[in-house]
Amino acid sequence: EIRTFAAEDARSVRALIRGGLMSNVELVEETHPAIVESLRRELEQYVDAACAADLADIASAYDVGFASSEDALKGGFWVAVRSGHTPGEDRVLATAGVRAQPERVAELLRMSVDPSVRGRGIAKKMVACAEQHARGRGFTTMRLSTLSIFSPAIRLYEQMGYVLVDSTPLPSEKKDLGMIAIVTYAKHLT
């Protein structure tokens with residue numbers, strides 16, 4: 001089930017996003033074993049900074065709960081859950097957030113899927129949910145950024161019609177991470 005983020009999801013969401021990003025380090029282990037430890041440290045710093053910023057107050061950072069017409073260009077945050085038997089027992093399996101940017105651009109952020117359920121189409125459903133929200137709110141473009149080493153995510157976005165619009169080297173003082181780029185993709189929603 002995909003539903004709007006609720007306050008009781010916060011701890012699980014932060015853990016999933018941290019764990020999901022860190023599990024991606026294993027994607028480079030086979031092709032670039034020399035950079036794994038440097039990448040792990042860089043990602044840990046990034047995730048800690050992200051958790052201290054937008055993930056500290058997800059509802060505010062992603063405009064969760066704003067639904068009136070005057071709030072049309074607002075974002076949102078969704079979770080895919082395996083429902084528990086009592087309130088608060090839902091297991092968060094995936095996340096997706098949308099933030100409003102200038103010029104009717106919606107930014108897709110915090111896409112994460114629990115490694116134990118990857119490959120089952122959940123990520124595609126989360127992206128589709130975010131796109132539907134953005135279209136319904138009047139956004140004309142969806143934009144997202146990821147790291148060039150996250151090939152499964154990039155394949156998904158390209159299969160869903162996203163086009164590479166920018167590639168910037170990962171800011172790092174470590175020369176061994178110079179082959180990694182922050183790649184930005186966009187898709188017209190109209």
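# A guided reading of the predicted chain

The protein chain contains six helices and seven strands, and the coordinates discussed here come from a predicted model. Read from the N terminus onward, the elements follow one another in the order β-α-α-α-α-β-β-β-α-β-α-β-β. Of the 190 residues in the protein chain, 46% are buried, while the accessible surface comes to about 10,000 Å², with 52% of that surface belonging to carbon and sulfur atoms. When contacts with a separation of 6 or more are considered, 64% of those in the protein chain are between residues 24 or more positions apart.

A word on confidence belongs before the details. The mean pLDDT of the protein chain is 86, and 89% of the residues reach 70 or more. Among the elements, helix α5 has the highest mean pLDDT, 96, whereas helix α2, covering residues 25–29, has the lowest, 72. Where pLDDT is low, predicted coordinates should not be read in detail.

Helix α5 is a suitable place to begin. This helix runs over residues 122–136, which gives it 15 residues, and it reaches 21 Å from its first C-alpha to its last, close to the 21 Å that would be expected at 1.5 Å a residue. The buried residues of α5 are Ile122, Met126, Val127, Cys129, Ala130, Glu131, His133 and Ala134. After the helix comes Gly138, whose phi is positive, near 95 degrees.

Within α5, Glu131 and Arg135 form a salt bridge in which the closest N and O atoms are 3.8 Å apart. Both residues lie in this one helix, four residues apart, which is about one turn of the helix. The two partners differ in their surroundings: Glu131 counts as buried because its relative accessibility, 5%, is under 20%, whereas Arg135, with a relative accessible area of 41%, is partly exposed.

The structure holds seven salt bridges. Side chains of opposite charge can pair when their charged atoms come close. One of these pairs brings together the side chains of Arg99 and Asp54, with a distance of 3.3 Å from N to O. Arg99 belongs to strand β3 (residues 91–101) and Asp54 to the loop between α3 (36–52) and α4 (58–61), so this pair ties together parts of the chain that are 45 residues apart in sequence. Arg99 is partly exposed, at a relative accessible area of 26%, while Asp54 counts as buried at 6% relative accessibility.

Asp54 also forms a salt bridge with Arg110, where the closest N and O atoms are 3.1 Å apart. Here too the pair links distant parts of the chain, since Asp54 sits in the loop between α3 and α4 and Arg110 in strand β4 (residues 105–113), 56 residues apart. Arg110 counts as buried, with a relative accessibility of 15%. Through salt bridges that share partners, Asp54, Arg99 and Arg110 are joined into one network.

A further position to follow is Lys187, which is found in strand β7 (residues 181–188). Lys187 is buried, having a relative accessible area of 15%, and its side chain reaches the backbone oxygen of Met160 at 2.7 Å. Leaving aside residues up to four places away in sequence, Lys187 touches Glu131, Thr140, Thr141, Met142, Met160, Gly161 and Tyr162. That list leads back to helix α5, for Glu131 is among the buried residues of that helix.

Thr141, another residue touched by Lys187, leads on to Glu103. The C-alpha atoms of Glu103 and Thr141 are separated by 8.8 Å, although the two residues are 38 residues apart along the chain. Glu103 lies in the loop between β3 and β4, and with a relative accessible area of 73% it is exposed. The phi of Glu103 is near 60 degrees, a positive value in a residue other than glycine.

Asp63 likewise has a positive phi, near 60 degrees, in a residue other than glycine. Its place is in the loop between α4 and β2 (76–82). In contrast to Glu103, which is exposed at 73%, Asp63 counts as buried, with a relative accessibility of 15%.

Definitions and conventions:
Residues numbered from 1 in each chain as written. Predicted model: local features only at pLDDT ≥ 70, side-chain atom pairs only at ≥ 80, totals over all residues. Heavy atoms only, no water. Helix = DSSP H or I, 4+ residues; strand = E, 2+ residues; numbered from the N terminus. Buried < 20%, exposed > 50% of the residue type's maximum accessible area, 1.4 Å probe, protein only. Contact = heavy atoms within 4.5 Å. Areas by Shrake-Rupley, 256 points an atom, 1.4 Å probe, with all protein chains shown as cover. Expected span 1.5 Å × (residues − 1). pLDDT = per-residue confidence, 0-100. Salt bridge = Lys/Arg side-chain N within 4 Å of Asp/Glu carboxyl O. Polar contact = N/O pair within 3.5 Å; in protein donor to acceptor, adjacent residues only side chain to side chain.
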